[in-house]
Amino acid sequence: MMGTIVQLKVYGKNAEQATKKALERISDIENKMSVNIETSEITKLNAKAGVSGEKLSVDTYSVIEKAVQYSKLTDGALDATIEPIVKLWGIGTDKERIPSKGEIEEKLKLVDYKDILLDKKKSTVQLKRTRQAIDLGAIAKGYTADEIKKVLLANKISSALINLGGNVFAIGSKPDGTSWNIGIQNPLDTRGQYIGTISVTDKSVVTSGNYERFFIVDGKRYHHIFDPKTGYPSEAGLISTTIVSDKSIDGDALSTSTYIMGLSKGLKLIESIKGVDAIFITKDKKVYVTPGLKDNFKMTNKEFTYEKR
Amino acid sequence: MKKGDKIVGIVILVIVVVSLCAALIYKTSIKGTEKIAIIKSDGKVIKTIDLNKVVEPLEFTIKAANGHYNTILVKHNAISIKDADCLHKECVKSGVISEPGGIIVCLPHKLMISIQGNQVKQNSGIDAGTF
């Protein structure tokens, strides 16, 4: 969750109180799951890799459990044990660099979600081998958005907009009863420039793209979405994947994994899951929209072509 | 503000800087004629400028507590961060903001610039954007 800006628009009489509670919940989750906080449950779990298990809160346990479910569903396109690769590249930190092939091969051996040993009864998780480590970056923001929603609803809020570092969760409808209009970032332009909009009520809208965190060497862009099978930034032909779903944790996991899976596998996966829709943008500026969004998505940028399905 | 708004809602807009890195320009669907730029350092307001009243371009530097700096450029109805010594210069890349609702953030230096104005909602506007 490092480096995100949280923006909450909360409407209603109880807005101030509800917002305060929501912010407390955010820092609670970050303190449990951040790999950048030394006392977090994830840091402790990683330190005990190959040695013993770590007893986890319900929050952290359920997020890891969900990550493993998605690893299975996506045949390892999403893999929470990617941390050694993320750390090796250091994208977004002052240590970012292109590692050698040997280094990547070395670290890639540590990446395998099947080595996450879950014990639900004891609420413990252990990593099988030493030096393995978990990074929940691909899914923790989604979980946080879902939890913020719970807090707001419990505090009698029926209309709110959560923006967690680009992950949008529209709660209810606008105070005037109309739907929320959500802009879909143009992956080839500066932030705030959209390729189009969708209008939603009570939905999570999450986008993964190669344009948020990256560095460029010799004209080649190295971004932060790694393919767990290669150890390199994913180059499957998509430059942006947006998932519209009821739960943000699903949107977060699916936007990352479909980005890595590529267009045809990604579309197939999304169309097999009920209540989930997607907008995919390919390298050659083609936009693909699943049937559930067909009448909703409004394209506003003419540089892109809309591929009917 | 419409009459009904007062009854329906206290609107709260909160921006929380969770931790390091990056910056953001964020446009909400607010438009107005009055344009007050608010510059906050580490959560405290350190300067407010009515952008509507700016005639001559103005440049100044804000030092963060950790010794780092951001150079801010103000023009008529526009404000931007011209230079900074943060790692990725995301705040500089954010470009110029000129409408109420626009925000530039430099997370490493805990600096935030936002524009406030008459909060008249645009019906056709975009409420939020993914990124």
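Visitor: With which handedness does helix 6 of chain A pass helix 7 of chain A?
Guide: The model is predicted, with local features needing pLDDT of at least 70, side-chain atom pairs counting only at pLDDT 80 or more, and totals for chains, interfaces and linings using all residues. Residues are numbered from 1 along each chain as its sequence is written, while chains are lettered from A and ligands numbered from 1 in the order in which they are written. Helix 6 of chain A passes helix 7 of chain A in a crossing (left-handed if the near helix is turned anticlockwise from the far one by less than a right angle, right-handed if clockwise) that is right-handed.

Visitor: How are the directions of helix 6 and helix 7 of chain A related?
Guide: The axes of helix 6 (residues 140-154) and helix 7 (residues 248-261) of chain A, lines fitted to C-alpha atoms over the stretch in contact, come within 7 Å and cross at roughly 165°. Since angles over 145 degrees count as such, the two helices of chain A are therefore roughly antiparallel.

Visitor: Which strands of chain A stand at the edges of the sheet?
Guide: The open sheet has 3 strands (DSSP runs of E, at least two residues) in the order 2-4-3 in chain A, with antiparallel pairing (at least two DSSP bridges). One side of each edge strand is left without a neighbour in the sheet, because each has a single partner strand, and these are strand 2 (54-55) and strand 3 (116-119) of chain A.

Visitor: Which residue stands opposite A:E54?
Guide: Strand 2 of chain A is joined by 2 bridges to strand 4 (residues 124-127) of chain A, and the two run antiparallel. Opposite A:E54, in strand 4 of chain A, stands A:V125.

Note on methods
Helix = DSSP H or I, 4+ residues; strand = E, 2+ residues; numbered from the N terminus. Axes fitted to C-alpha atoms, helices over the stretch in contact; angles between N-to-C directions. Parallel < 35°, antiparallel > 145°, perpendicular 65-115°, else oblique.
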